[in-house]
Amino acid sequence: MKKLLAFISAVALAASLAACGTSTAQPASDGSGVSGTFTGEAAGQGGEGNPVKVTLTLENSVITGCTAEGPGETDGIGSKAIDSMPGAIAESGSIAVDTVSGATVTSNAILAAAASALESAGLNPEDYKKEVAAAQASAEDVTKTADVVIVGAGGAGMTAAIVASDAGKKVIIVESQSMAGGNSVRSTGGMNAAKTKFQDENEFGESAGVEKTLKSADSFTGTNEETIKDLAKTVSEQWTAYQASPEGYYDSVELFELDTMIGGKGLNDPELVKTLAEKSESAIDWLDEIGAELHNVAAFGGASVKRIHRPVNAEGKVVSVGAYVIPILEKNLNDRGIEVLYETTANKIIMDGGKAVGIEAVTSAGGKVTINAGAVILAAGGFGANNDMVVAQNHPELKGYITTNAAGILGQGIDMGVEVGAATVDMDQIQLHPTVHVADDGSANLITEGLRGDGAILVNAEGLRFYDEVSTRDKVSDAENNQTGGYAWLIVDQKMLDASAVIQGYVSKGWTVTGETAEDLAKEMDMDGAVLAETIEKWNACVEAKEDAEFGRTSFAEKLEGPFYALTVQPGIHHTMGGLKINSNAEVLKEDGSAITGLFAAGEITGGVHGANRLGGNAVADFIVYGRIAGESAANYLK
Ligand SMILES: Cc1cc2nc3c(=O)[nH]c(=O)nc-3n(C[C@H](O)[C@H](O)[C@H](O)COP(=O)(O)OP(=O)(O)OC[C@H]3O[C@@H](n4cnc5c(N)ncnc54)[C@H](O)[C@@H]3O)c2cc1C
């Protein structure tokens, strides 16, 4: 609750008692207006429990200063609005300033908190909504030159830019949105990598996971069966040797490949998977070098062992990987002076004699941008936010489906590649994510898979478990679609909440219900308390026995003990596995397998790495590993 902080001018007093906000007001010098500082609050991404605070400085009822704080807002998304909007409010004296696109929730919270601050000053916010002339982007045509031009400032584009710049190349990035990050900044879980220094800090307890994978490989039939059996043979030998003399944490490049190939139902390109696994360890080290430490290692869906690497905050709590890594990549761009043209949408690759030599783009104001370059890297992401394009890949059942993807993920880069002769692969492989929470405002929010790895369970509307929660996303999504109402409840407990800033965020946003006991929780979930209590008891017995006879789950973490928290989840469109065909040098390939000279691609825009189903943590690995390769290959090509 807001408190009255200090001396308040006579004019402000009466109103501030009724309004939301705090003030340190002073009498107006001429008696006609309000002066002082006034604070208002409003719920943003951090919810009511962690609201956005805006402090306005008023002189004679004119806004002359504005600051904002939003500790609950997502780094790299909401933080952009916190950084930019107060300046615009102070400069214009208006609270009708432009919101930051892509950060709508935080932007609206800033405006609501500013209105509340004005109310606490006894002023009418409506009087402060004068129109602000929008800073118009230039509609002029511009031509620029670079060694390497990159389409898309997501994880892959920024990684490629840093590497190409470090190889001495002049890089320009074009980004269709007003901020960097794309889907990458939304990544919550972490990054898969095998044989890292951080894995060795863990005690090995995942024998059942390895055995299960070897069994799956044994019974595997279909595409790339031979590759999978060969990998399993190698893993089996390594596993026997490790058991005879265990040293460090057991994982291997081949086990990473095997998990990825089995998870992808064998449809993956084995060469691309091999490169992903082989270069994952050095990718973790590279991130470390540029200031991003992914120290915490955990179990995740489809991985035999603990392999997903996650960042932790100053209190040691796990935080979202994208919100942590993306601002660090951006800082590295800035440190190197790499130019990013925002609100600039690429639409064409310029070709000359069969070589890619630049791109054409259009600004939000309609100006044409031509960038002539020695090499082009496409890093424009997938097409999960383009429902028409998803449906057109033979998926009529996904019409109108919710998506976890950022607004700019429309598949434009894939179309640009195809136009100059690039082949595509696996375009019909669309991944649903089983744990998407639809908030009261209608937004679709990904609930990280890590919670299941850390011990959460899924129950249906009847309070019963119905599937191995840490199985692959396609299988869990299918199972969920078959439950009453096509949704499930995800249940975590107090100790999981205490260890995770991510779960604390879900609670403060008001997405969860809670109960001291299973029966209390069941009341909030509108289900039979005795059934839920028995489900949790049965699960805790599985944890103790390290065996789940009913559903075959092999990762257990700790027993669930009250107080409990639960939230509803349902499947949503999450990842598009298909895209431009590349080789392991990130060169874009034609149908005949030859490379298009000077054209490279990395990240979700490409196909082949993930096959029919991407494992959680493999896309961040993909954009770092292949982003680095694309940057290196483009620089080498220009040598
Ligand atoms: C909610 C969510 C959570 C996820 N969590 C994880 C996780 O924990 N671990 C994991 O491994 N993976 C995760 N993923 C998947 C992963 O984040 C993405 O696959 C990956 O970030 C893609 O990176 P990218 O650089 O290829 O594309 P993006 O990060 O999507 O970047 C593409 C950029 O290109 C821009 N762009 C598009 N078209 C144009 C154009 N025509 N001109 C200019 N710019 C353009 C876009 O605006 C965007 O900024 C998650 C995805 C989502 C949506």
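These legends walk through four views of a predicted model. Residues are numbered from 1 along each chain as its sequence is written. Because the model is predicted, local features need pLDDT of at least 70 and side-chain atom pairs count only at pLDDT 80 or more, while totals for chains, interfaces and linings use all residues.

**View 1. The whole chain, with its 19 helices and 24 strands.** Helices (H or I, at least four residues) and strands (E, at least two) are DSSP runs, numbered from the N terminus. The radius of gyration is 26 Å, close to the 26 Å that the globule rule gives for 639 residues, so the chain is as compact as a globular protein of that length. That radius is taken over C-alpha atoms, and the globule rule is 2.2 Å times the number of residues to the power 0.38. Along the principal axes, the C-alpha atoms fill a box of roughly 85 × 70 × 45 Å.

**View 2. The shell of 45 residues around the ligand.** A residue makes the list if its C-beta atom, placed from the backbone, lies within 6 Å of the molecule. The closest ones are G152, G154, G182, G408 and G603. α4 (155–166), β11 (344–352), α12 (412–419) and α19 (618–637) each chip in at least two residues, and α19 gives the most, with four. Sorted by class, the shell has 16 nonpolar, 26 polar and three charged residues. Here Ala, Val, Leu, Ile, Met, Phe, Trp, Tyr, Cys and Pro count as nonpolar, Asp, Glu, Lys and Arg as charged, and the others, Gly among them, as polar.

**View 3. α4 packed on α19, with axes 7 Å apart.** The two helices meet at an angle of about 40°. Axes are lines fitted to C-alpha atoms, for helices over the stretch in contact, and angles run from 0 to 180 degrees between N-to-C directions. The crossing of α4 past α19 is right-handed (the near helix is turned clockwise from the far one by less than a right angle; anticlockwise would be left-handed). Residues in the contact include G155, A156 and T159 of α4 and V620, F623 and I624 of α19; being in contact takes C-beta atoms, placed from the backbone, within 7 Å. This contact has 13 nonpolar, four polar and two charged residues.

**View 4. α5 (residues 207–218) against α7 (residues 253–263).** These helices pack at about 55°, with axes 11 Å apart, and are therefore oblique to each other (angles under 35 degrees count as roughly parallel, over 145 as roughly antiparallel, 65 to 115 as roughly perpendicular and the rest as oblique). α5 passes α7 in a left-handed crossing. On the α5 side, T213, S216 and A217 meet L258, D259 and I262 of α7. That contact splits into three nonpolar, two polar and one charged residue.

Terms used. Contact = placed C-beta atoms within 7 Å.
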